[in-house]
Amino acid sequence: SAEVIPEPDDHFHLEISIPIAGFESGEAERDREVATMLKADVSKEMEFVSDSIKIDNWKGMISAGEFDLKGELKIGKKNHKIKIEISRTKQPAVFVGKHKSKFKKFDIKPPELLAGIGARVSEELELLFQLNTDEVLGAQSILGNDDSDSEESI
C-alpha cells in the first residue's frame, strides 16, 4: 500500500508498506528464504518513507517524467537511506522505480540456495516497484492539475 502524507508548509512525503509475506515467486522455499532475509520475524512489512518535499518540487519532478526520490527503507528495525530512480511508463498514472545496491548495504546475507541447490549468488541487489497512482491514497495532492485530458496529465 502507498500513501501521500501532507505536512506543514506545503510539504508532502510518500509512505509505502510492502508485506513480506505477500511475495509469491512460485517457489515456496525461495519465498521462505526471502522472508527470513528480510527479517519477517521482526516486522511483517518493509516500509519506505520518502524525504519531505515541497509541493512545487513534487509537481516539477512528476511532470519531468523521470526523477530520483530519496528516503529511508526500513527492514526489520533498521532504517537504510536509499535513492530510488523513478520514471513514468507510457500509461500516465503508472510509475516504476528501482534501487541498485548490494545486499551488505542492508545488512543482508545473500541467499545460499537457488532452486533448492547450493549456489553462489551475486552481491548485487536490485529492488523494483510499480505504483499505479489510482491506488495511492492522497496521490492527487501532488499530481499536476492540468485541464487537458487524463492522458496528458498524471
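The largest cavity takes up about 190 Å³. This is a predicted model, where local features need pLDDT of at least 70 and side-chain atom pairs count only at pLDDT 80 or more, though totals for chains, interfaces and linings use all residues. Residues are numbered from 1 along each chain as its sequence is written, and side-chain values use heavy atoms, with hydrogens and water left out.

**Cavity and pocket**

A quick word on terms. On a 1 Å grid over the protein atoms alone, a cavity is a set of points where a 1.4 Å probe fits but cannot get out, while a pocket is an open set with protein on both sides within 12 Å along at least five of seven lines; lining residues have an atom within 4 Å of a point. Grid points are joined across faces, edges and corners, and the volume is the space filled by probe spheres set on those points.

The structure has 1 cavity of 30 Å³ or more. The elements that give two or more residues to the lining of the largest cavity are α2 (55–64), β5 and β10. Helices (H or I, at least four residues) and strands (E, at least two) are DSSP runs, numbered from the N terminus. In all, 15 residues line the largest cavity, with Leu14, Phe95, Leu131, Thr133 and Ile142 nearest its centre.

The largest pocket is the open counterpart, with about 950 Å³ of space. Two or more lining residues each come from β2 (11–19), α1 (28–37), β3 (45–50), β6 (78–88), β7 (94–102), β8 (113–114) and β10 (124–132). The biggest contribution to that lining is from β10, with 8 residues. Ile18, Phe23, Met46, Leu127 and Leu128 lie nearest the centre of the largest pocket, out of 38 lining residues.

For the chemistry of the two linings, Ala, Val, Leu, Ile, Met, Phe, Trp, Tyr, Cys and Pro count as nonpolar, Asp, Glu, Lys and Arg as charged, and the others, Gly among them, as polar. The cavity lining has 14 nonpolar residues, 1 polar and no charged. The pocket lining has 24 nonpolar, 7 polar and 7 charged.

**The overall fold**

Zooming out, the protein has 2 helices and 11 strands. Their order along the sequence is β-β-α-β-β-α-β-β-β-β-β-β-β. Buried means under 20% relative accessible area, exposed over 50%, and partly exposed in between (1.4 Å probe, protein chains only). By that yardstick, 34% of the 154 residues are buried. A contact means heavy atoms within 4.5 Å. Among contacts with a separation of 6 or more, 55% are between residues 24 or more positions apart.

**Strand β3 and its partners**

Two strands pair if DSSP finds at least two bridges between them. β3 pairs with β2 in the antiparallel sense over 5 bridges, and Ser17 has Glu47 of β3 as its bridge partner. β3 also runs antiparallel to β5 (residues 66–75), joined by 4 bridges, with Val49 opposite Glu72.

Side chains along β3 alternate: Met46, Phe48 and Ser50 point to one face and are buried, whereas Glu45, Glu47 and Val49 point to the other and are not.

**Four residues up close**

Here is how four strand residues sit in the model.

| Residue | Relative accessible area | Status |
|---|---|---|
| Leu131 | 18% | buried |
| His13 | 10% | buried |
| Ser101 | 10% | buried |
| Pro19 | 43% | partly exposed |

Leu131 belongs to β10. Setting aside residues up to four places away in sequence, Leu131 touches Ala2, Leu14, Ile16, Ala93, Val94, Phe95 and Val136. Leu131 and Ala93 are 38 residues apart in sequence, with 8.3 Å between their C-alpha atoms.

His13 sits in β2. Its side chain makes a polar contact of 2.4 Å with that of Glu7. Such a contact is a pair of N or O atoms within 3.5 Å; within protein, one must be able to donate a hydrogen and the other to accept it, and residues adjacent in sequence count only if both atoms are side-chain atoms. Beyond four places in sequence, the residues that His13 touches include Val49, Ser50, Asp51, Ser52 and Trp58.

Pro19 is in β2. Outside its neighbours within four places in sequence, Pro19 contacts Lys44 and Glu45. The C-alpha atoms of Pro19 and Ala35 are 9.8 Å apart, with these positions 16 residues apart along the chain.

Ser101 lies in β7. With neighbours within four places left out, Ser101 is in contact with Phe106, Glu123, Glu124 and Leu125.
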